[in-house]
Amino acid sequence: MAELRASDEIHGVVLVDPVVHGDERGMFVETWRREWLPDVPRMVQSNRADRTAGTVVGLHYHRRQADYWYVVAGRARVVLHDLRVGSPTIGATLELDLGGDGPQRHRGVYIPPGVAHGFAAVTDLTLTYLVDGYYDPADELGVAWDDPSIGADWGVAEPVLSARDLANLACADLVDDLRPVFGER
């Protein structure tokens, strides 16, 4: 059975360390099981992102969609920031590494709606992620990756970002109707 740990920093974020089975032939790991998080909405879509070292993606957030991330190959520095009005951890930031060679090698992370999320490709990487809602452009929102109020350490010296991510506003500049509310979808 996987080891699940609720984040101490951000309410609703869950870290999952699955059991890894291996022998001289290689290894096998279950990266997601519904029974690990039975009280969250069902995941309905799986996506894959391949990024080159130095790429930063985010910070993105959704008011109605949750994500579950797993790094298949490479290493990512993940940054999460709680934007949810009324959350007991509003304004908290969590940085964690996924993939690579340490104890986080097979760790997955569940990210609830309203928690801004992004990652830096510390190495070339492949990330898979499950979502509990189909793509909705009206629910694709973002905040500035380099917002000083978030204070994230992305772990890369010269980040490469998309035009979309470079245009995201600072947290202080988000208009009220774009702010996620804790407990609402």
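This report describes three residues, Asp67, Gly151 and Ile90, and their surroundings in a predicted model.

**Asp67 and its surroundings**

Strand β7, which covers residues 67-73, contains Asp67. The relative accessible area of Asp67 is 3%, so this residue is buried; the term applies under 20%. Two polar contacts involve its side chain: one of 3.3 Å with the side chain of Gln65, and one of 3.3 Å with the side chain of Trp69. When residues up to four places away in sequence are set aside, Asp67 touches Met43, His62, Val109, Tyr110, Ile111, His117, Tyr129, Leu130 and Val131.

**Gly151 and Ile90 in loops**

Gly151 is located in the loop that runs between β13 (141-142) and α1 (163-166). Its relative accessibility is 52%, and therefore Gly151 counts as exposed, a term that requires over 50%. Tyr129, one of the residues touched by Asp67, is separated from Gly151 by 22 residues in sequence and by 25 Å in space, from C-alpha to C-alpha.

Ile90 belongs to the loop between β8 (75-82) and β9 (93-99). Because its relative accessibility is 48%, Ile90 counts as partly exposed. Together with Val85 and Val181, Ile90 forms a nonpolar patch on the surface, and the accessible area of these residues together is about 220 Å².

The table lists the relative accessibility of the residues discussed.

| Residue | Relative accessibility | Class |
|---|---|---|
| Asp67 | 3% | buried |
| Ile90 | 48% | partly exposed |
| Gly151 | 52% | exposed |

Technical notes. Residues numbered from 1 in each chain as written. Predicted model: local features only at pLDDT ≥ 70, side-chain atom pairs only at ≥ 80, totals over all residues. Heavy atoms only, no water. Patch = residues over 30% accessible without salt bridge, like charges linked within 9 Å, V, L, I, M, F, W, Y side chains within 5 Å. Areas by Shrake-Rupley, 256 points an atom, 1.4 Å probe, with all protein chains shown as cover. Salt bridge = Lys/Arg side-chain N within 4 Å of Asp/Glu carboxyl O. Helix = DSSP H or I, 4+ residues; strand = E, 2+ residues; numbered from the N terminus. Buried < 20%, exposed > 50% of the residue type's maximum accessible area, 1.4 Å probe, protein only. Polar contact = N/O pair within 3.5 Å; in protein donor to acceptor, adjacent residues only side chain to side chain. Contact = heavy atoms within 4.5 Å.
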